[in-house]
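User: I'm new to this one. Can you walk me through it?
Analyst: Sure, take a look at it and then we'll start.

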Amino acid sequence: MKVALIEDEPLVARRLERFCREVLGAGLEKLHAATSFDQASAWLAENPVDVVLLDLNLDGQDGMELLKRSVASSFHTIIVSANTDRALEAFEFGVLDFVPKPFTRDRLAQAFARVRGPVARSGSATRNLAVRKAGRIELVAVDQVLFVQGAGNYSELVLADGRRELHDKTLEKLEALLPEGFERTHKSYLVRRDAIKALHASEGSHYELELKNGTCLPVGRTRYKELRERLTGE
Amino acid sequence: MMRARCLSFLALLGAGALPAAAGDAPAEAIEPRVEFRFKLGDDPRWSARDWDDSDWPVIGTTDGRPRPRLEVLPARAGVFWMRYRVERSTLPGYHPGVASYLWPRDEPGAPINSIFLPGTLSYELYWDGRLIGRAGVVGNSRETEIPGPLDNTMLIPEELLGPGPHVVAMRASNYHYNFPADRVWVNLTMGNYTSRLKYEARRPIIPMVGASCSLLVAVICASLFWFVDRRQELVICGLLGFMTALFFTLIAWRWLHQDPYPWLYYRYGAMLGTMAVMGYLMVWLLARQFAIPHRAMWLLGAVVVVVVVWLAGPSFQQTRIVWLARAMLAYALLPLAWAAWQRRAGVWPALAGVLIGLGSVQQAEDMRTILAPTFFLFFGALVVLLLGTLGWQIQADRRQAREAKLTAARMEIELLKKNLQPHFLLNTLTAVSEVIEQDPKGAVNFIDDLSDEFRSLAQMSGERLVPLQRELELCRTHLKVIARRTGRRLDLQAIGAEESALVPPALFLTLIENGLVYQQADDGAAFRLTARTAADGMNFSFLSPGRLRPLAGRPPGGTGLRYVKARLEESFPGRWTLTQGEVAQGWETIIRWQSGPRGATA
């Protein structure tokens, strides 16, 4: 796992670094420590990582702005902060976990477990997805998302009004962040369950689902049965 | 209008000091001509109706004027006589001035059967040779003369009221006339006896109402002072109310007590003195009420005004009282104008009161009627307005005090929150956790420093002001904790700081916290506090070293700055300033406060 940590207090950074090494062991491919988000960004541009450990109270910087920039990126964000009153807000923006200070090694291990797990849903708290657009970051309400289509290292959010927005995270990472109401219907699709109108099976084990707006999306052969059970409640 | 008809005769025997009966001026010229003749000497025959007085000098005539020009005659010169002839058909009309709006008129056809004679003399009055009344005992020396009362209404017997002309003769002396002037005057009017008595009986009502209201103001001020607020302004306002009541009482006294005529001089003296004290108290009250700077200078100016008017004012004593009222009211306008310019709370009612008073004095063209009781009711209005302003200020101050209490409680909580501020506390605990695991010995020192800081904050939390020394200790302990956490070398230099000076708690600690958040300083840079004790307060310059962090900037109203301002307002309400700005070495915060009285500007 490739990890970056952004923490301006040396003792805390040292502690995070020590725990990362202890928890991830050989699984830690790379660890980079930075004292500011800007400092880290330059490095991250050249060195993609899986997860960033971020302190929301970096000296004099707007925590929310950092948060938005971080969650809009391709990596998962784990907040390590003393400001637990902002935890809910952080989850609404789509962080994977919020580790309150002071933290233990076990708590950090728990956070890393979410990154490493196959589809570790962080819960249903995510209300917004941050997308980069024309050099700035915009928030897209999760309620507006009909389905998400994987596009390599990116994902495409298809919204109820027909707009499409690109997100830097992979489909897998978004699946970990989005609420339970989203179904992985295909290796390339995450679909809002209450947007599904019908499930169709065609000859030759070809399955597809029809959304209420008339859009038809393919359904993975291996996922069809489970999806049908969920939709019919059987 | 009191329908009494009268013959008004002002035998002006000097620039003396007898007040006119308010509004006793004739409304029209007297026709035919009435001549007033005077003779120094004494002869009982001069009272006779048919005595030939054609060789007596004429000292005044009605001659087409309401107030005849009169000859000058000496005071304290001996027994003298005055004679004149009058016909009922030629009696002039009569109006009683301001009182006509307040008192009912005479019944139509009421008989003209009395002579009203206010005068600073003892006399006998004869009607067609018959003695109809006397005031005191006329004498040919100070020892033999017994002073008569000031105001007298003589009833003319019914049998003497036949068709005229009638001869009125007055035998008089004035050895007890104690005004410095060498002339006196008397005012003879005729009218209905019953109406005149009623009128005279009613005249003290208005000044007594004024006296009662002013006394009530004094009592209210005393009660407020005793039970509500021990402020000096209430004492001054109470004294002003009391002196105003005394002034009204002195006006009313003339009709309440039949003073011998020499008392008039002392009564006017008392009124003049009372007016001087009222004027001084008014200026003092306004200066305190509106926190006028250089108060001693203003009060000295008031004394100068009193002395100048006293010494250089008109010789008529009643006129001098009015001049004094004018001068003091005009003088009071100066500090009030300054207070209005400074937008002092409650200044407008006070200004209105003084202007009303001044306007009413300026309206008083006739100096003889200036002491009419209605006129001085304006002083009562002024006192009531001043009290109203004071009451409003007390209410505002009490509201402010309540808010200050709430602020103090809030500030205490704010300070305690600094103990428990999550970002500081939890980051520090995280750092402590790391040190404990990696360097147990260092962790003990870390915890000691942290304990020192928390202990200091806890001790300060309930205080409004703490010695600067304690504040500096707190700041340095905090910097030690931060230095342990961050590994940076941090220091605080204090220059010119008088360590016993009192400052709001955690004031500079908050500026340090802000500096750490918003400034990017080189390792080893020091915060710098420069203190200077001014004559009226303290000046501080606080430098947070380093450059502004590029992304953050300095928010204009951050939590820390709000705390600092709230603390300053709590301890120095309205008397502090805080300015901030970037300088070459970092970010400078300049704080000034005055230790002066409430309401002064910073």
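Analyst: One definition to begin with: helices and strands here are DSSP runs, with at least four residues for a helix and at least two for a strand, numbered from the N terminus. Also keep in mind that this is a predicted model.

User: Okay. How many helices and strands does chain B have?
Analyst: Chain B has 13 helices and 19 strands.

User: And what does the secondary structure of chain A come to?
Analyst: Chain A has seven helices and 15 strands.

User: How much of each chain is buried?
Analyst: In chain B, 45% of the 602 residues are buried. In chain A, 40% of the 234 residues count as buried.

User: What about contacts between residues at least 24 apart in sequence?
Analyst: Take contacts between residues at least 6 apart in sequence. In chain B, 79% of these join residues at least 24 apart. For chain A, the share is 51%.

User: Now the place where the chains touch. How many residues does each chain give to the contact?
Analyst: Chain B gives 18 residues and chain A gives 15.

User: Which elements of chain B give two or more residues there?
Analyst: Three helices do: H9 (422–438), H11 (468–486) and H12 (507–518) of chain B. The largest share of chain B's side, ten residues, comes from H9(B).

User: What classes of residue are on that side?
Analyst: On the side of chain B that touches chain A, nine residues are nonpolar, six are polar and three are charged.

User: H12(B) came up just now. Where else does it sit?
Analyst: H12(B) lies across E15, E16 and E19 (586–594) of chain B. It runs at about 20° to E16(B).

User: Does another helix pack there, and if so, which strands of chain B are touched?
Analyst: H13 (residues 559–571) of chain B packs on the sheet and touches E18 and E19 of chain B. The direction of H13(B) makes about 150° with that of E18(B).

User: Tell me about that sheet. What is the order of its strands?
Analyst: The sheet is open, with five strands of chain B in the order E12-E15-E16-E19-E18. The pairing is mixed.

User: Why do E12 and E18 of chain B have one side without a neighbour?
Analyst: E12 (491–495) and E18 (576–583) of chain B stand at the edges. Each has a single partner strand, so one side of each has no neighbour in the sheet. Neighbouring strands of the sheet are turned by 15° against each other on average, direction ignored.

User: In which sense do E15 and E16 of chain B pair?
Analyst: E15 (residues 526–534) and E16 (residues 537–545) of chain B pair in the antiparallel sense, over seven bridges. Ala534(B) stands opposite Gly537(B) in E16(B).

User: Switching to chain A. How are E8 and E9 joined?
Analyst: Six bridges join E8 (residues 145–151) to E9 (residues 154–159) of chain A, and the two run antiparallel. Val148(A) has Leu157(A) as its bridge partner in E9(A).

User: What is in the turn between E8(A) and E9(A)?
Analyst: E8(A) and E9(A) form a hairpin with two residues between them. Gly152(A) in the turn has a positive phi of about 70°.

User: And E9(A) with E10(A), how many bridges?
Analyst: E9(A) and E10 (residues 164–167) of chain A pair over four bridges, in the antiparallel sense. That hairpin has four residues between the strands, and Gly162(A) in the turn has a positive phi of about 95°.

User: Last one. What span should H2 of chain B have?
Analyst: H2(B) has 24 residues, so at 1.5 Å a residue it should span 34 Å. Its end C-alpha atoms are 33 Å apart, which agrees. Among the buried residues of H2(B) are Ile206(B), Ala211(B), Val217(B) and Leu224(B).

Technical notes: Residues are numbered from 1 along each chain as its sequence is written. Chains are lettered from A and ligands numbered from 1 in the order in which they are written. This is a predicted model: local features need pLDDT of at least 70, side-chain atom pairs count only at pLDDT 80 or more; totals for chains, interfaces and linings use all residues. Two residues are in contact if their C-beta atoms, placed from the backbone, lie within 7 Å. Ala, Val, Leu, Ile, Met, Phe, Trp, Tyr, Cys and Pro count as nonpolar, Asp, Glu, Lys and Arg as charged, and the others, Gly among them, as polar. The expected span of a helix is 1.5 Å times one less than its number of residues. A residue is buried if 20 or more other C-beta atoms lie within 10 Å of its own, exposed if 12 or fewer, and partly exposed in between; C-beta atoms are placed from the backbone. Two strands pair if DSSP finds at least two bridges between them. Axes are lines fitted to C-alpha atoms, for helices over the stretch in contact, and angles run from 0 to 180 degrees between N-to-C directions.
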